[in-house]
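Q: I am new to this structure. Please take one loop and look at it closely, then work outward from there.

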Amino acid sequence: MHTTFEELLAPLNSFTEEQGNQIDQKSGSRKLFFADFTNKIIFAFVMKVPSLRQLVTELSSSEICQKLGLEQSPFSTLKDGFTRFSSQEFEQLFHHILKNASWLRIKAFDELGIFRLVDGSVFPTLCSMDWAAFRKTKKAIRLHLSFDLNSMIPVDFIGLKANSSERHFLLSILEKGVTYIADRGYFSFDLAAKIEAAQAFFILRIKNNLNLGRIIKLQPSCTQGQKIPPCFKNLTDEVIRFQSDQSANVYRLICFTVMQSQFKICTNRLDLTTLQVIILYAYRWQIELFFKFIKRSLNGLHLFNHTENGVNVQFYILMITAVLQLRLKQKTVLQTQQNSQQSAVIDLQKVNNIEQISDYDEYQPDLWIKTLTIPLQKLWKISCHWIRCLQNFIAKTFDNEVITKLGVT
């Protein structure tokens with residue numbers, strides 16, 4: 001039998017066995033090795049150790065670390081790992097995990113295509129980090145992230161200085177056939193044209209002051225048997241062309257008012273119903289929740305290293321920790337449900353149409369949003385209570401008792 005921590009790390013094993021020695025030889029390290037360094041930093045994120053120096057204390061004095069075989073390392077050795085090992089090596093490890101681990105997918109999204117949420121979030125830094133300067137008196141890092149909506153996991157990201165271009169990041173990750181969903185800071189005529197040229201798709205909120213040339217007015221639509229909630233006021237659906245757009249591409253524009261806010265959603269997905277576009281844009285909030293999760297639940301706001309390579313190493317290990325936790329939660333929940341023959345409130349692996357996820361048809365938009373997110377809680381969300389439970393069981397044998405506790409928390 002193995003520990004819960006070993007079960008958490010299981011998807012890393014094949015990579016470290018195949019690539020670990022080569023990476024260690026390349027790094028020239030005699031005191032700290034790639035697999036050991038990775039495991040110790042993951043342990044720090046799981047246990048919410050707030051600094052590298054406190055991690056040194058944990059490694060030298062904690063009974064949990066002794067049970068897990070995490071030997072003590074000097075501060076200088078751990079610090080050196082963030083510069084000695086390349087962020088590209090952790091990038092390879094991250095994508096190895098995404099490719100080889102099993103991820104639950106949401107069938108209702110798969111029925112409509114592949115969807116990626118795109119956004120950026122600022123991480124404050126020290127004044128001494130000159131490479132992160134974006135104003136004369138301020139320095140910060142912007143984490144650019146692409147988040148797969150179909151499986152609720154991060155897929156592409158990079159940490160750059162805070163004034164780095166969000167649009168450039170989006171253009172750098174374009175894939176044919178993928179639909180990208182983002183807020184209004186991303187939209188430009190040039191970006192939309194390049195997404196079109198890449199045979200990709202977009203659902204983007206736009207600013208309210210763009211001049212439009214209306215071509216066709218469409219009837220707001222949803223699939224048979226569904227209806228658009230009345231909380232969306234002044235709803236229109238049109239085929240349009242932007243008057244200042246030199247590419248003269250034809251797009252679709254869906255406009256509506258919620259409370260006191262007006263929304264204009266532009267897309268080149270002409271095949272979707274009006275309600276499907278609205279729902280997909282509403283799920284954009286999931287990337288904001290993920291940023292909150294890695295900053296607060298994983299304590300990712302505190303940087304262990306301040307070099308450009310070191311910051312991206314930390315971001316990759318943060319993401320690795322997040323997906324490893326999700327894998328472990330899904331495994332324990334499914335095994336617990338199988339043993340008890342119970343299921344989630346709504347099984348999103350079986351729902352065929354995203355319009356069926358919410359049955360709310362009243363006037364409060366916050367309650368409509370809530371009905372969209374509740375089905376995600378069981379299999380795709382990590383709560384602070386679940387993390388505490390994982391921390392308590394991290395050095396215990398991964399047996400049926402631990403599986404059940406993690407599966408019901």
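A: The backbone oxygen of Gly113 lies 2.8 Å from a polar atom of the Asn150 side chain. This comes from a predicted model, and the distance is computed from its atoms. Start with where Asn150 sits. Asn150 belongs to the loop that links β2 (140-148) to β3 (153-161). Is Asn150 buried or exposed? Asn150 has a relative accessible area of 0%, so it counts as buried.

What surrounds it? Set aside the neighbours within four places in sequence. Asn150 then touches Leu104, Arg105, Ile106, Phe109, Asp110, Gly113, Ile114 and Phe115. Gly113 is thus one of the residues in contact with Asn150, and its backbone oxygen is the atom in the 2.8 Å pair. Leu78 makes a contrast in position. Asn150 and Leu78 are 72 residues apart in sequence, and their C-alpha atoms are 36 Å apart in space.

Now the strands on either side of the loop. β2 and β3 pair in the antiparallel sense, over 8 bridges. One of the partnerships joins Leu143 to Gly159 in β3. The two strands form a hairpin with 4 residues between them. In that turn, Met152 has a positive phi of about 60°. Most residues other than glycine have a negative phi.

Two other residues share that feature of the backbone. Asn234 is not a glycine, yet its phi is positive, at about 50°. It is placed in strand β7 (residues 233-242). With 60% relative accessibility, Asn234 counts as exposed. Met259 is not a glycine either, and its phi is positive at about 55°. It is found in the loop between β8 (251-258) and β9 (261-267). Met259 has 62% relative accessibility and also counts as exposed.

Back to the surroundings of Asn150. Its contacts Phe109 and Asp110 fall within helix α8 (residues 107-110), where Lys107 is also found. Is Lys107 buried, partly exposed or exposed? Its relative accessibility is 31%, so Lys107 counts as partly exposed. Lys107 and Ile41 are 66 residues apart in sequence. Their C-alpha atoms are 34 Å apart in space.

That takes us to the interior. The largest nonpolar core has 112 residues, and Phe37 and Ile42 have the most contacts inside it. Helix α13 gives the most to this core, with 14 residues. Another core lies apart from it, with 23 residues, among them Val118, Val178, Tyr180 and Ile195. Look at Ile42 more closely. Beyond its neighbours within four places in sequence, Ile42 is in contact with Phe5, Leu8, Leu9, Leu12, Ile317, Ile320, Thr321 and Leu324.

Ile317, Ile320, Thr321 and Leu324 are among those contacts, and their numbers fall within α13, residues 308-340. This helix has 33 residues. From first C-alpha to last, α13 reaches 48 Å, close to the 48 Å expected at 1.5 Å a residue. Of its 33 residues, 25 are buried, so α13 is largely enclosed by the rest of the structure.

One more helix completes the view. In α16 (residues 384-393), Trp386, Ile387, Cys389, Leu390, Gln391 and Phe393 are buried. Their cover includes α1 (4-9), α3 (34-46), α12 (285-297), α13 and α17 (400-408).

Key. Residues numbered from 1 in each chain as written. Predicted model: local features only at pLDDT ≥ 70, side-chain atom pairs only at ≥ 80, totals over all residues. Heavy atoms only, no water. Expected span 1.5 Å × (residues − 1). Buried < 20%, exposed > 50% of the residue type's maximum accessible area, 1.4 Å probe, protein only. Contact = heavy atoms within 4.5 Å. Polar contact = N/O pair within 3.5 Å; in protein donor to acceptor, adjacent residues only side chain to side chain. Pairing = 2+ DSSP bridges. Core = buried A, V, L, I, M, F, W, Y, C linked by side-chain atoms within 4.5 Å.
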